[in-house]
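Welcome! Please open your viewer and get ready to select a few residues along the way.

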Amino acid sequence: MIKNLIFDFGKVLVTYDFHSPLDAWGMTPRERQDFEDSILSMEWTLKIDKGEKSFGEYIEELKGLYPHIAKYFQRVYDEYAGFITGEMPGMYDLLTRLKADGYKLYGLTNWSETIYQFLDKYLVFRLLDGMVISSEEKMIKPDLEIYYRICEKFGLKPEECLFTDDKPVNVEAAKQMGMQGIVFRNALQFEEELAPFLGAV
């Protein structure tokens, strides 16, 4: 019986766009390629999310490695809040109903400490009963240890949990340790796929 619903943050509870703002920055094609191959690569994203250094320290490291685009890394640091574009449509209302129905709601996200800029800004985060943030735990999805960590932290039983994430690999990891899982595309699709697990939403 599902009692606990666990949500990824980016592209599940809030939306983000790390590419469109670059159009206004006046980068040359070479600068943009180097920028996307560095800070936007999976390698650097996971480093930043794992939090072995602060976000600011990683920005300084990148500025040293790519001095010709250092000013753009600084803009990421200075203007980071602008990359988060709002709440995912429909999710606040859905989570409000789920909470009213007695389900516990949790967050499990790969994110740097910059997440704290948004926890009070977006109401959907206030509906959560608790959260695990990768940079605090020094572990990231899809490593199984972070799924065990959220269960340990909040006394959850995996078989009573359902996890949703926009990345299939992260959902598969949750299933490996005994949770149910849904790959998120939008609020309507998620609600439709969730209903059989709950009986009704």
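Here is a short tour in three stops.

Before you start, note that this is a predicted model, where local features need pLDDT of at least 70 and side-chain atom pairs count only at pLDDT 80 or more, while totals for chains, interfaces and linings use all residues. Residues are numbered from 1 along each chain as its sequence is written, and side-chain values use heavy atoms, with hydrogens and water left out.

**Stop 1: two helices.** Select helix α1 (residues 29-38) and helix α4 (residues 70-78), whose axes come within 10 Å and cross at roughly 55 degrees. That angle makes α1 oblique to α4 (under 35 degrees is roughly parallel, over 145 roughly antiparallel, 65 to 115 roughly perpendicular and the rest oblique). Now show the side chains: Glu31, Phe35 and Ser38 in α1 meet Tyr72, Phe73 and Val76 in α4, with contact meaning heavy atoms within 4.5 Å. These contact residues divide into 4 nonpolar, 1 polar and 1 charged.

**Stop 2: two cysteines.** How many disulfides does the structure hold? It holds 0 disulfides (a disulfide is a pair of cysteine sulfur atoms within 2.5 Å). Select Cys151 and Cys161: the sulfur of Cys161 is 4.8 Å from the closest cysteine sulfur, in Cys151, which is too far for a bond. Cys151 counts as buried at 7% relative accessibility, and Cys161 is buried with a relative accessible area of 0%.

**Stop 3: a helix residue.** Finally, pick Gln176 in helix α8 (residues 168-176). Is Gln176 buried or exposed? At 61% relative accessibility, Gln176 counts as exposed (buried means under 20% relative accessible area, exposed over 50%, partly exposed in between, with a 1.4 Å probe and protein chains only). Add Glu52 to the selection: Gln176 and Glu52 are 124 residues apart in sequence and 26 Å apart in space, C-alpha to C-alpha.

Key:
Axes are lines fitted to C-alpha atoms, for helices over the stretch in contact, and angles run from 0 to 180 degrees between N-to-C directions. Helices (H or I, at least four residues) and strands (E, at least two) are DSSP runs, numbered from the N terminus. Ala, Val, Leu, Ile, Met, Phe, Trp, Tyr, Cys and Pro count as nonpolar, Asp, Glu, Lys and Arg as charged, and the others, Gly among them, as polar.
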